[in-house]
Amino acid sequence: MKLTDVVSLSVVAVAIHASTFEPTDFNVTEALIDSGVNVSAIPELAGLVERSSIGACSIACNVLKLTFGADSVLSEGSSAYDSFTGAYWAAQQANVNPFCVFKPSSATQVSAAVLLSRLTQCPFAVKGGGHAAFAGGSSIEGGITIALEKLNEVTLSSNKKIAAVGPGNRWIRVYETLEQDGLAVIGGRVATVGVSGLTLGGGISHFANAYGWACDNVESYEVVTASGVIVTANVTAFPDLYSALRGGGNNFGIVTKFNMRTFALGPMWGGPRVYLPSEWDQVYTVYAKIARNAAQDTKQAQIVSFALQNGIQLAAADLEYSEPTPWPAIFADWKAIPAAQDLTAITNLTTVTRNLGAGIPEGIQETYWDYTYKLDRDLMKFSIDTFFGLMPAIADAPDLLPVLSFQAITVPAMEKMQQNGGNALGLDPKDGPVYICNLAIMWTNAADNDRIHKFSNTLYQRINAEAAKKGLTNDYIYMNYASPWQDVISSYGAANKQRLKKIAAVYDPTAVFQRLQPGYFKLEGAPYGPFPA
Ligand SMILES: Cc1cc2nc3c(=O)[nH]c(=O)nc-3n(C[C@H](O)[C@H](O)[C@H](O)COP(=O)(O)OP(=O)(O)OC[C@H]3O[C@@H](n4cnc5c(N)ncnc54)[C@H](O)[C@@H]3O)c2cc1C
Ligand SMILES: *[C@@H]1O[C@H](CO)[C@@H](O)[C@H](O)[C@H]1NC(C)=O
Ligand SMILES: *[C@@H]1O[C@H](CO)[C@@H](O)[C@H](O)[C@H]1NC(C)=O
Ligand SMILES: *[C@@H]1O[C@H](CO)[C@@H](O)[C@H](O)[C@H]1NC(C)=O
Ligand SMILES: *[C@@H]1O[C@H](CO)[C@@H](O)[C@H](O)[C@H]1NC(C)=O
C-alpha cells in the first residue's frame, strides 16, 4: 500500500463514537507534552493539528530523532536501515521501505510515536519478531516502522509466578532465561519467532492441551492505547480490553509488556519421527485418534507435517511430552508405525526450540495459509492427496519447500481458553475437537509468487468444498498462519466481531489502529482484501 492510499483512506469519514476513555475534545498536542514532545517548541510541528501534509512522515521522523536521539531512528540510505529491513523473516517484508524505523526504549516513547502519527497522519507499523509472512504485516512503505527490539526485559516477580516479558523478545531468549529457575511460559516452538505477534494472535505451544494458548496465560498486558495512555489490562482492570488482546492482534493498542504466568518445567521428551507415504493411511488414523482422546493425557502435543523435500514426499510427526518419559503410553500407536527416521529423545525446552528452528531458511519468499475443520482422518487424507495432486503446477519453482501440516485444537485446550473470562477467538469446546490445516511454502524467485498463491487458493477451495460436503467446516481462521487475503476477525463469529468493534470504539474512538496502522488483520477485513478472482 502506498502512502497516498493510506492518506486518502483516512479522509474517508470514520464514525467517532462516544467514549469515556478518550474524550471527544481529546487534544493530541497536549497529550504529546506528557510523552516528552513539546509541539510548540518545534516549528515544523506548530502548524499541524491532526491533519496530513506532504511531509507528514518526514516531520514525524525528524521529531522522533530530535526528541529521542539519532540513535533511536534509522533513515533510508544508511547501512543500519538496510540491515534492519534485510532482517525480516520473509523476503516480501524485506522489500518494504519505511520512511524511517523508530526503536523506542520505553512505553512512553511508544506513546509519543502513536501521538505523532495522529498529529501528522503519517501511518505506522509495529514490528515484534518480524515473522509475519507478507509485505506490510510488520513494516510499512513510506511510514514509520516502530521496532520493539529494545523493549526486551525478561524479569521474574518476587514469588516467580509471573514473568514480565518485553515485546521485543524472541522465544529462545525467554526460555533460556527462565530455564535457570526451572520455569517456562506458554509460548512459541521456534527460537527466533517473536513473543508479541505470536501471543497477540493466540499462540500454539507444546503445552496447549494442559494450559490453553499463549494468550490465555497472559496475566496482564501493559498497552499503549490510541490516546497515548498506558494502561495495564487484566481480568478485573479493563477486562474488555484484556479479553480483546487475547487473540485480537494489533487492533487495540501496542503492547509494551506481557506479564506471563510461569509453570515448572524440567527435562521433557520428544522430537520428530519421519514416515514414508506407504505408512500414511495409518498416520492419519493415529493423529486423529490421539487428538480426539487428548483428555487422556494432556502432557502430550503432536503436529504432523507433510512435505515435498528434494523431490521426496515425507511426513514428519513432531511428538512432545512435558515429562522425561520415553514413548509415553498415549503415543504407543505412533511407535507402532514403522518410521524412516526417529529423532525423539529426552531433552529440554531450549534444545527442542533450537532444533525446531534449525535449518529453516530466512529471508526468502514465504506464504502461510490456514483453515480449520472438524477432526476427521478422511478429510486429512483428502487434503494431502489434493496437495500432492496439485503440486506439478509449482514443483519446478527453484528452492520450493511446500509443507501442509495439521494441528489439532483439542477439547481440553479449548476448555483452557475459557479461563479468566475467555479469549477473543470464539472457539467453543462444544464444537471440538477441530484441527488447523496450515499451508506453509517457501521458494526463492519472486517471479513464482503469483502461481504459488493461486496454487494455495485452489488447494483450499477444494478442501473447503469437500469439508462442506461432509459437514466438517469450522469458521475459525488462525491469525498467525493466515494469508493476507483471509478475513480473520470475521472468522471469530459475527457476535464476537461486533463485540471486538465495540471494545475498539471505547479505547480507540478515532480508529487510529485501523486507519493509521493499516497492515495485518483489521477489524473490517483481510489486509489485501479478497483473493483476486
Ligand atoms: C518459523 C515459524 C515458526 C512459527 N511457530 C509458531 C508456533 O510454534 N506457534 C504459533 O502459534 N505460531 C507460530 N508461528 C506463527 C507466528 O505466531 C506468527 O508469524 C507471528 O506473527 C510472529 O510474531 P512476530 O512478533 O515474530 O511477528 P511480527 O511480524 O513482528 O508481528 C506480527 C503482527 O503483530 C503485530 N505486533 C507485533 N508486536 C506487537 C505489539 N507489541 N503490539 C501490537 N502489535 C504487535 C505486528 O504489527 C504484526 O502485525 C511461526 C511462524 C514461523 C515463521
Ligand atoms: C490543543 O492544545 C494546543 C496547546 O494547548 C492548542 O494550541 C490547540 O489549539 C489545541 N487544539 C485543539 C484542536 O483544540
Ligand atoms: C513548550 O515550548 C514553548 C516554546 O518553546 C515554551 O514556551 C513552553 O513553556 C514549553 N512547554 C513545556 C510544557 O515545556
Ligand atoms: C488487576 O490490576 C489491578 C490494577 O493493577 C489490580 O488492583 C488487580 O488486583 C488486578 N487483578 C487481578 C485479578 O490480578
Ligand atoms: C538443556 O539441554 C542443553 C543441551 O543438552 C544443555 O546444554 C542445557 O544445559 C540443558 N538445560 C538445562 C537447564 O539442563
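Just after helix 7, Gln 121 takes a positive phi of about 65°, in what is a predicted model. Helix 7 itself covers residues 107–120, and 13 of its 14 residues are buried, which leaves the helix mostly covered. The points below go on from this helix to a strand with two partners, and then to the surroundings of two ligands.

**Helices 7 and 12**

- How far apart should the end C-alpha atoms of helix 7 be, at 1.5 Å a residue? The 14 residues should span 20 Å, and because the end C-alpha atoms do lie 20 Å apart, the expected and the computed values agree.
- Gln 282 belongs to helix 12, which is made up of residues 280–292.
- Is Gln 282 buried, partly exposed or exposed? Its relative accessible area is 39%, and because buried means under 20% and exposed means over 50%, Gln 282 counts as partly exposed.
- Between Gln 282 and Gly 363 there is a separation of 81 residues in sequence, while in space the two are 36 Å apart, taken from C-alpha to C-alpha.

**Strand 19 and its partners**

- Strand 19, which consists of residues 434–443, is mostly covered, with ten of its ten residues buried.
- In a regular strand, side chains alternate between the two faces of the sheet.
- Which residues of strand 19 lie on each side? One side holds Val 434, Ile 436, Asn 438, Ala 440 and Met 442, the other holds Tyr 435, Cys 437, Leu 439, Ile 441 and Trp 443, and all of these are buried, so that both faces are covered.
- Strand 17, residues 365–374, pairs with strand 19 in the antiparallel sense over ten bridges, and Thr 372 stands opposite Ile 436 of strand 19.
- Strand 18, residues 401–409, also pairs with strand 19 in the antiparallel sense, here over nine bridges, and the bridge partner of Val 403 in strand 19 is Ala 440.

**The surroundings of ligand 1**

- There are 31 residues around ligand 1, and those that come nearest are Val 126, Gly 130, Ser 138, Arg 189 and Tyr 478.
- By class, this shell divides into 16 nonpolar, 13 polar and two charged residues.
- Strand 3 (124–127), helix 9 (195–201) and strand 10 (254–261) each supply at least two residues of the shell around ligand 1, and helix 9 gives the most, with four residues.
- Oxygen atoms of ligand 1 take part in several polar contacts: an N or O atom in the side chain of Ser 138 is 2.6 Å from one, a backbone N or O atom of Gly 128 lies at 2.7 Å, and a backbone N or O atom of Gly 197 lies at 3.0 Å.
- On its own, ligand 1 has 960 Å² of accessible area, of which the protein covers 97%.

**The surroundings of ligand 5**

- Glu 179, Asn 348, Thr 350 and Thr 351 surround ligand 5, and by class this shell has no nonpolar, three polar and one charged residues.
- Which atoms of ligand 5 are paired with side chains of Glu 179, Asn 348 and Thr 351? A nitrogen atom of ligand 5 is 3.1 Å from an N or O atom in the side chain of Glu 179, whereas an oxygen atom of ligand 5 lies 2.3 Å from a polar side-chain atom of Asn 348, and a polar side-chain atom of Thr 351 lies 2.9 Å from an oxygen atom of the ligand.
- The protein covers 32% of the 360 Å² of accessible area that ligand 5 has on its own.

Notes:
Residues numbered from 1 in each chain as written. Chains lettered and ligands numbered in written order. Predicted model: local features only at pLDDT ≥ 70, side-chain atom pairs only at ≥ 80, totals over all residues. Heavy atoms only, no water. Near = heavy atom within 4 Å. Polar contact = N/O pair within 3.5 Å; in protein donor to acceptor, adjacent residues only side chain to side chain. Areas by Shrake-Rupley, 256 points an atom, 1.4 Å probe, with all protein chains shown as cover. Nonpolar A, V, L, I, M, F, W, Y, C, P; charged D, E, K, R; others polar. Buried < 20%, exposed > 50% of the residue type's maximum accessible area, 1.4 Å probe, protein only. Pairing = 2+ DSSP bridges. Expected span 1.5 Å × (residues − 1).
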